[in-house]
Amino acid sequence: MPFQRPLKVGALITEALSPFEFAVAFEVFGLDRPESPEIAYTFVTLGERAGLTARHGPLAAAAQHDLDGVTDLNTLIIPGWPVHATPSEHMVDALRRASEAGVRIASFCSGAFLLAASGLLDGRMATTHWKHAALFQSRFPRVHLDPARLWVAEQNIYTAAGSAAAIDLSLHLVREDYGAQAANIVARRLVAAPVRAGGQAQFIERAAPQRTADETLNGLISGLTARLDSPLTIEALAGEAGMSRRTFIRRFEAATGTAPGRWIMEQRIRRAQALLETSGLPVDHIAFQCGFSSTGGFRERFQTIVGASPGAYRKRFFVSR
């Protein structure tokens, strides 16, 4: 879409400053680039009132303008938002006016909560930081959240996952504005990948299985991780627990929050991730050690859950011992 240049980018200042996310917006859109004059942005800050100052420890950022001029922007960036906060009617109105005027709106990390609270994500795909995903889904069921994505674009609304994903989305916005070569120039200056493969599922901490409130199942569940290379059918596990199949599934879901088949699959993938990170075992050996009957099926499941192939994951995360 052609715009008059330089393009005007505004960062929203709220009382809860997200320093890294704001710095990403300023670094990408607020710095002069004399070596690349074709990349031209005017960077401004906005808040519910001009002069509003946000602080985080010794860091501070002030809003140069109020929200009246939000429709004059080409891009509005929301660098984070308190996940439990409720926006004012004035804030919601400004965001809706901006969207209706065709302003490109991009949220970083928890900034998606503000967009969702304003109704701008209803019926749309979106993402946010994986640690906020459960809260987001419970509060905004009309939003199609995909917590495995680094960033999502839906018409003129963009959402990025964690802090580093703000860089990925920002480079994409530069690519939309000025082309791939310009995005590569900015990425090189940031010492960042122009396009990062995979999704944030790669980086989610893999916690050890926790004890549940169902004492009857605790022993069974804790022992499953040592048997991931064996066939584990629901019928057999239900028999071990002394329950009918239906009762076992119901109580397992109540105890763990997920169905037994999915839980087992996630544990197998977690085990595979650990082996890819720490061993030189061939992928087919890892597949069989984690209970997969075929390498092809393992690769497909791993790609779906992690967002990268086993080979790509190992290349990124292998730690030499």
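Analyst: Before we begin, a definition: two strands are said to pair if DSSP finds at least two bridges between them. Please also keep in mind that the model in front of you is predicted.

User: With that definition in hand, in which sense do strand 5 and strand 6 pair, and over how many bridges?

Analyst: Strand 5, residues 75–79, and strand 6, residues 104–108, pair in the parallel sense, and 5 bridges join them. To see one of these positions in the structure, find Leu76, whose bridge partner in strand 6 is Ile105.

User: How many strands form the open sheet, and in what order do they stand?

Analyst: The open sheet is formed by 6 strands in the order 2-1-5-6-10-9, and the pairing in it is mixed. Strand 2 (41–46) and strand 9 (151–154) stand at the edges with a single partner strand each, so one side of each has no neighbour in the sheet. On average, and with direction ignored, neighbouring strands of this sheet are turned by 15° against each other.

User: Which strands of the sheet are touched by helix 1, and which by helix 5?

Analyst: Helix 1, residues 19–29, packs on the sheet and touches strand 1 (7–12), strand 2, strand 5 and strand 6, while its direction makes about 155° with that of strand 2. Helix 5, residues 163–178, also packs on the sheet, and touches strand 1, strand 2, strand 5, strand 6, strand 9 and strand 10 (157–160); the direction of helix 5 makes about 160° with that of strand 6.

User: How many salt bridges does the whole structure hold, and how should I read one of them?

Analyst: The general idea is that side chains of opposite charge can pair when their charged atoms come close. In this structure a search finds 9 salt bridges, and among them is the one that Arg104 forms with Glu176, where the closest N and O atoms are 3.1 Å apart. Arg104 lies in strand 6 and Glu176 in helix 5, so this pair ties together parts that are 72 residues apart in sequence.

User: At what angle do helix 10 and helix 13 pack, and how far apart are their axes?

Analyst: Two packed helices are described by the angle between their axes and by the distance between the axes. Helix 10 (residues 260–278) and helix 13 (residues 310–317) pack at about 50°, with their axes 8 Å apart, and the two helices are therefore oblique to each other. Their crossing is right-handed. Helix 10 brings Gln273, Leu275, Leu276 and Glu277 to the contact, and helix 13 brings Pro310, Tyr313, Arg314 and Phe317; by class, these are 5 nonpolar, 1 polar and 2 charged residues.

User: Where do helix 7 and helix 8 meet, and at roughly what angle do they cross?

Analyst: The axes of helix 7 (residues 215–224) and helix 8 (residues 234–241) come within 10 Å and cross at roughly 135°, and these helices are therefore oblique to each other. Thr216, Leu217, Leu220 and Leu224 in helix 7 meet Leu237, Glu240 and Ala241 in helix 8, and the residues of this contact divide into 5 nonpolar, 1 polar and 1 charged.

User: What do strand 3 and strand 4 form, and how many residues lie between them?

Analyst: Strand 3 (residues 53–56) and strand 4 (residues 59–62) run antiparallel and are joined by 4 bridges, with Ala54 standing opposite Ala61 in strand 4. Together they form a hairpin with 2 residues between the strands, and Gly57 in the turn has a positive phi of about 60°.

Terms used: Residues numbered from 1 in each chain as written. Predicted model: local features only at pLDDT ≥ 70, side-chain atom pairs only at ≥ 80, totals over all residues. Heavy atoms only, no water. Axes fitted to C-alpha atoms, helices over the stretch in contact; angles between N-to-C directions. Contact = heavy atoms within 4.5 Å. Parallel < 35°, antiparallel > 145°, perpendicular 65-115°, else oblique. Nonpolar A, V, L, I, M, F, W, Y, C, P; charged D, E, K, R; others polar. Salt bridge = Lys/Arg side-chain N within 4 Å of Asp/Glu carboxyl O. Left-handed = near helix turned anticlockwise from the far one by under 90°.
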